[in-house]
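Trainee: I'd like to understand one part of this model really well rather than skim the whole thing. Please pick a single region, take me through it slowly, and then show me how it sits among the rest.

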Amino acid sequence: MAPAKQSMFRSADMSMVQLYISNEIGRECVNALGELGLVQFRDLNGGVSAFQRTFTQEIRRLDNVERQLRYFHAQMEKANVPLRKLDLDVETLAPPTTTEIDELAERSQSLEQRIFQLNDSYETLKKREVELTEWRWVLREAGGFFDRAHGNVDEIRASTEDDDAPLLQDVEQHHQGAEVERSFSSINIGFVAGVINRDRVAAFERILWRTLRGNLYMNQSEIPEPLIDPSNNEAINKNVFVIFAHGKEILAKIRRISESMGADIYSVDENTDLRRDQMHEVNARLNDVQNVLHNTQQTLTAELTQIGQSLAAWMVLITKEKAAYQTLNLFSFDKQRRTLIAEGWCPTNDLPRIRTTLQDVTNRAGLSVSSIINEIRTNKTPPTYLKTNKFTEAFQTIINAYGTATYQEVNPALPAIVTFPFLFAVMFGDFGHAVIMLSAALAMIYWEKPLKKVTFELFAMIYYGRYIALVMAVFSLFTGLIYNDAFSKSLTLFDSAWEWDVPEGWKQGEPLTAKLKGDGRYPFGLDWMWHGAENDLLFTNSYKMKMSIILGWAHMTYSLCLSYFNARHFKKPIDIWGNFVPGMIFFQAIFGYLVICIVYKWSIDWTTADTQPPGLLNMLIYMFLQPMTLDIPLYRGQKTVQILLLLIAFVQVPILLFLKPFYLRWEHNRARAKGYRGIGERARVSALEDDEDADGHGNGNGNGNGLGRHSIDTDDDGEGVAMLAGHGGADDDDEEHEEFEFSEVMIHQVIHTIEFCLNCVSHTASYLRLWALSLAHQQLSVVLWDMTLGPSLTRPGVVGVIAIVVMFWLWFFLSCAILIAMEGCSAMLHSLRLQWVEAQSKYAEFAGHMFTPFSFVTMLEEDDGLAEFRG
Amino acid sequence: MAQGYSVFVGLVIVAAMCVGAWFLSPKGENQTTWRSSLIIAFISCYLMWFVTFMAQLHPLIEPRRSNVREGFQHE
């Protein structure tokens, strides 16, 4: 475990660094570091609100550009113009210069105006078009109505001039014969023609009827085609109406009512010739408008298509640029020296890379002053940085889903690479199902690149875990062979150790019992003679139950051992003597003993032994309940051994309870006694330190709890200890040292002890799920076989052939859906629980915070706003 | 056909595989991952085989079935 070598065993060594960057190249430096993705910057301006920061102006400008780009995208979607997506894996964009960004901003500004104008004129034209269309409909419908109406003016007049009709009737009748083409005006009737929304017709009619007390004649007809409202592109059904009424005031009133109801009124001439002219004119204008519209549309589409070619790239550039400025806003800006000061965490091993990156930027910019990068000491907890590759990534993710491991504690993902899939396989053990799963996993790995683009969520999830699936399938092949199960059938790879003990005169249908052939046993896995036997379950249940206990014991012992590595790494010997050792003894005295008994019982040939085989479960229970009596002994001197083990186990409880808290108290008191003498020497020397800060650290050094933690040495070797953030008040990391309080430590330890002792029992029992799930899986596949494919194999003739084909597919799909997908899912969840709870509770603390470096790659991947621009 | 001492033979083989895994793991930053994964995998598999073998070494019950067909009773 040399400090220089990093592995998956622990999270990487982290350093707090301070960067002094010249103001001119601040942006370039941040860009370069963003491409590198290895530094997590701290906010040094916590007290400054977002509006007062140095680069707020730039961010606002970029926000505006981003808004414009999104506007283009919205327009493109509206016009159905395809967007050329950017595949970030293939295309890399060179970091843009400031001028390029400026150009982009200007360009998008002018483009926005242009598109805005085009859109505006398009909408105006569209509106005009709709109006003209409506007018045409009015002309057509109303015209038709006029033509019809001329035949029966009387009727109209009778209805509108009901009260004075008898007086005028004679006068009117004089003209009747003379005028062929009579005008409505001659009978003093005016009319209003227009278009109204079809939904409102009923209300419109009612209102008119009530306000005019029935003094109107209304005619309407539906426009057969829906009209498009240009403001929201919705299709509306409208009606053409013509209202005849008497008198100017009434007509004016009708107009007002129509307008208030949202109707559009169009002028229609009652004269047929004039109307024809009007019709021609409208048609001509409509034609013109449509031509112009078409041209505008084309120009807009052309413009948008051109934008679509590079929109995704622009979007990425702007997002990056904005992120860079947001990061720059975290920096502290020294106005006098024109430098930016940044602080952040980075992996210690990558410091040289960061250094060369910054040097490159300085050289390219041709600056004489190079950037300075300083490693500084701090008492803050570094973030947990767990480097992954594409194989370990998914495993690490399922561990991180539970919590973030404490800085430098044993990474639970390392053993999980094997234990998690292995425990899955113990439950999933079926050779046939494993082969299908393996082919699926291999296919996903072989077509890794093309399948990466699939966005269907469920598949993306399975694809993400393809390497877990691979390891799971490989182990399932193994456990399938061990269980001797392939689609619920057995493989006869070796000769069985059993043969049927056939009595004289045996006839088919009579029960047969097997006997052992000799000393030889089935060399690999379960003897296939058990398969299909009536007492198969009796045997496999006992076997699988015991196996679950043994595997659980091994898993938990291994996990407990990792707590030893943690204690040793953090240099907390008290955790070894106060937690690990008594815990281990307690666990082994009870369950280690049980495992030894299980194996011992297997190794004895009970057919030749003098005694009966004892039940191990009762043995363990009565070891607690009545240690003084023993019903059926397993071996000689068993009583003494068990009493001794019990005593050893129970002695561990007070050790677990009291050793650690009292040791910590003793150590605290001793440190305090020393501390009183050494108080003057403790103060740290730093140019930027203030009283408050010193106070905080005074507390820290005063308590003895700083064991193994990175407490500050008083002899710092010339490196700055200043924490700029301390002044800004932006301390988001929790202070490391807190006051030592005995009662708290004691309570914590009591809880730990109770939890540990009870968990030894409950967690061991919890591993029995391995047996339960594998039993369920095996039985389900037997049932599936018996209900589908099995019976159809015995049918003769054509029916048999058809039945086999149909049943095979039924069996195959149900196997895939239920036994592989569903059962696999449930086995995975159970295995996940065993990993998270049973194993990790033994050693992992999960009190860390994740290292989230400023990285363009992860940022672009995770930005939801960019999702539609990524290829 | 394997005898009772096979578990020790298996143990020696698996121990040898573990030693091999320790020394033959590819160098580099993933060496720890290789070593840990291979060794845990070998031990887990051995454990499972060992348990299965031991459970059948001195069986307390014999397989019994009454649907053995004529002609298959000597298989």
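Mentor: Happy to! Let's begin with pairing: two strands pair if DSSP finds at least two bridges between them. Strands (E, at least two residues) and helices (H or I, at least four) are themselves DSSP runs, numbered from the N terminus. What you have in front of you is a predicted model, in which local features need pLDDT of at least 70 and side-chain atom pairs count only at pLDDT 80 or more, while totals for chains, interfaces and linings use all residues. Residues are numbered from 1 along each chain as its sequence is written, chains are lettered from A and ligands numbered from 1 in the order in which they are written, and side-chain values use heavy atoms, with hydrogens and water left out.

The part I'd choose is an open sheet in chain A, where four strands follow the order β4-β7-β3-β8 with antiparallel pairing. β4 (216-222) and β8 of chain A stand at the edges with a single partner strand each, so one side of each has no neighbour in the sheet. From one strand to the next, the twist averages 25°, taking axes as lines fitted to C-alpha atoms (for helices, over the stretch in contact) and angles from 0 to 180 degrees between N-to-C directions.

Let's walk across this sheet. β4(A) runs antiparallel to β7(A), and seven bridges join them; here A:L216 has A:A245 of β7(A) as its bridge partner. Moving on, β7(A), which covers residues 238-246, is joined to β3(A) by nine bridges, again antiparallel. On its other side, β3(A) pairs with β8(A), residues 264-266, in the antiparallel sense over three bridges. A:V195 is a good residue to click on: its bridge partner in β7(A) is A:V240, and its bridge partner in β8(A) is A:D264.

How enclosed is β3(A)? Of its nine residues, 189-197, eight are buried, so the strand is largely enclosed by the rest of the structure. Buried here means under 20% relative accessible area, exposed means over 50%, and partly exposed is in between (1.4 Å probe, protein chains only).

Now look at what touches the sheet. Helix α6 of chain A (residues 201-211) lies across β3, β4 and β7 of chain A, at about 175° to β4(A). Another helix to visit is α3 of chain A (residues 98-149), which holds A:E141. Beyond its neighbours within four places in sequence, A:E141 is in contact with A:S221 and A:V240, contact meaning heavy atoms within 4.5 Å. You have already met A:V240 as the partner of A:V195. A:E141 has a relative accessible area of 23%, so it counts as partly exposed.

How far is A:E141 from A:Y543? Their C-alpha atoms are 90 Å apart, with their positions 402 residues apart in sequence. A:Y543 takes us to the largest nonpolar core, of 114 residues, where it is among those with the most contacts, together with A:V426, A:F475, A:M547, A:L770 and B:M48. A nonpolar core is a set of buried Ala, Val, Leu, Ile, Met, Phe, Trp, Tyr and Cys residues joined through side-chain atoms within 4.5 Å. Apart from that core lies another, of 63 residues, including A:M16, A:I101, A:A105 and A:Y407.

For comparison, try the open sheet of three strands that brings in chain B: its order is β12(A)-β13(A)-β1(B), with antiparallel pairing. The edges are β12 (498-501) of chain A and β1 (64-65) of chain B; each has a single partner strand, so one side of each is left without a neighbour in the sheet. Four bridges link β12(A) to β13(A), residues 512-516, in the antiparallel sense, and A:W500 stands opposite A:A514 in β13(A).

Finally, step back to the chains. Chain A has 26 helices and 13 strands, and 46% of its 871 residues count as buried. In all, 68 residues of chain A are in contact with 41 residues of chain B.
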